[in-house]
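Grab a coffee and open the viewer. Here are a few short exercises, each followed by a worked solution.

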Amino acid sequence: MANATLASALLEQFMAEMKTTGHMEHTLPKGYTPTWIEQQWFALFEGRNEAVTFGIIAFVVHQAVYYGRYLPYLICDYIPAMRKYKLQPDKEISDELWWKCLRSLLTSQTFVQLPMMMFFLPAAKMVGFECGAPFPAWGRVAFQVAVFFVIEDFYHYWAHRLFHYGVFYKHIHKVHHEHTAPFGIVAEYAHPLETAILGQGTIAGPLLFNYFIEQVHITTMLIWIPARLWQTVEAHCGYDFPWAASHWLPFWAGAPHHDYHHMAFVDNFASTFSWWDRVFGTDRRFQAYEARRQQKAKAD
């Protein structure tokens, strides 16, 4: 009975937050003069439904970063000199496959991800996210985003590993593996259930961090989401450029790590860092393969 009462109270609170209208005076401490950027941010919410407004802002940012990040790789696909950096140069991406991917992405992003983004602000408020002024210092934002990467990577490793078992792979994760030679926008090409479940690492991580560790400002999410998109598009890009982060940033998995996963259908379950695969021994075949690939590249 107590659990049912608590659930009912939480649902009532959530629905109330979904209906909240923005008013700048409610977000500013008494006597505080907001900066220009803070004024512009709060003006976006003034007199509007806050949950819907934040969802739309997050969606626009998401789409701009996701496809903008992919654009350089798409251009490289049409430059013969760039082909030497392809991880699987013997595999071609057909127009049919590319358009199928794009159509599926736009459908999923509109009907799965957009609603999730609109539900985020009410959930964030319920766990104590800061939504007013002043905005956090850049150092604090950078620290939190770095922690979010670690949380998401740990969650993704185990959730992704689960998706490679039996019924989960056959009926859900197999969709993502239609692409054995990935290209940038394949990152979010997935079954709707996979999108919702793996997406919790990106969304629930900051919520849990805020609840158990320290307060997060809602604007930090607009740094974290682009950072995560930047990473996942790169991981699926299909290129191994000499300036890529995996060549100079310790434990950064990068495109070679995840490209092998698509090619071989096994191992390399982490999203961003290589340490969990190293610790749990799920990168041994990749290490052997990568050594052979590097040796061949030097010989060529």
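A nonpolar core is a set of buried Ala, Val, Leu, Ile, Met, Phe, Trp, Tyr and Cys residues joined through side-chain atoms within 4.5 Å. Keep in mind that this is a predicted model.

**Exercise 1. Find which residues touch the most other members of the largest nonpolar core.**

Solution. Start with the core itself: it has 54 residues. Within it, Phe54 and Ile218 touch the most other members. Next, see where the core comes from: H2 (36-45), H3 (50-76), H4 (95-126), H5, H8 (200-212) and H9 (221-235) each give it at least two residues. Now zoom in on Ile218 and skip its neighbours within four places in sequence. What's left in contact is Trp41, Phe54, Phe120, Leu121, Ala124, Phe129, Glu130 and Cys131.

**Exercise 2. Work out why Cys237 forms no disulfide with Cys76.**

Solution. Recall that a disulfide is a covalent bond between the sulfur atoms of two cysteines. To be counted as one, the two sulfur atoms must lie within 2.5 Å. The closest cysteine sulfur to that of Cys237 belongs to Cys76 and sits 8.8 Å away, so a bond is out of reach. The structure as a whole holds 0 disulfides. As for its surroundings, Cys237 is buried, at 2% relative accessible area.

**Exercise 3. Decide whether Thr220 and Ser274, each in a loop, are buried or exposed.**

Solution. The cut-off for buried is under 20% relative accessible area. Thr220, in the loop between H8 and H9, comes in at 0%, so this one is buried. Beyond residues up to four places away in sequence, Thr220 touches Pro136, Val141, Gln144, Val145 and Phe148. Ser274 is in the loop between H10 (254-264) and H11 (275-279). Its value is 12%, so Ser274 is buried too. With neighbours within four places left aside, Ser274 contacts Phe251, Ala253 and His257.

**Exercise 4. Name the residues that form a nonpolar patch on the surface with Trp158.**

Solution. The partners are Phe154, Val279 and Phe280, and together with Trp158 they have about 390 Å² of accessible area. Trp158 belongs to H5 (residues 138-162). At 36% relative accessibility, Trp158 counts as partly exposed.

**Exercise 5. Describe the surroundings of Leu198.**

Solution. First place Leu198: it's in H7 (residues 192-198). At 12% relative accessibility, Leu198 is buried. Ignoring neighbours within four places in sequence, the contacts of Leu198 are Tyr155, His156, Ala159, His160 and Phe163. Finally, check the distance to Glu46: 152 residues along the sequence, and 33 Å in space from C-alpha to C-alpha.

Key. Residues numbered from 1 in each chain as written. Predicted model: local features only at pLDDT ≥ 70, side-chain atom pairs only at ≥ 80, totals over all residues. Heavy atoms only, no water. Buried < 20%, exposed > 50% of the residue type's maximum accessible area, 1.4 Å probe, protein only. Patch = residues over 30% accessible without salt bridge, like charges linked within 9 Å, V, L, I, M, F, W, Y side chains within 5 Å. Areas by Shrake-Rupley, 256 points an atom, 1.4 Å probe, with all protein chains shown as cover. Salt bridge = Lys/Arg side-chain N within 4 Å of Asp/Glu carboxyl O. Helix = DSSP H or I, 4+ residues; strand = E, 2+ residues; numbered from the N terminus. Contact = heavy atoms within 4.5 Å.
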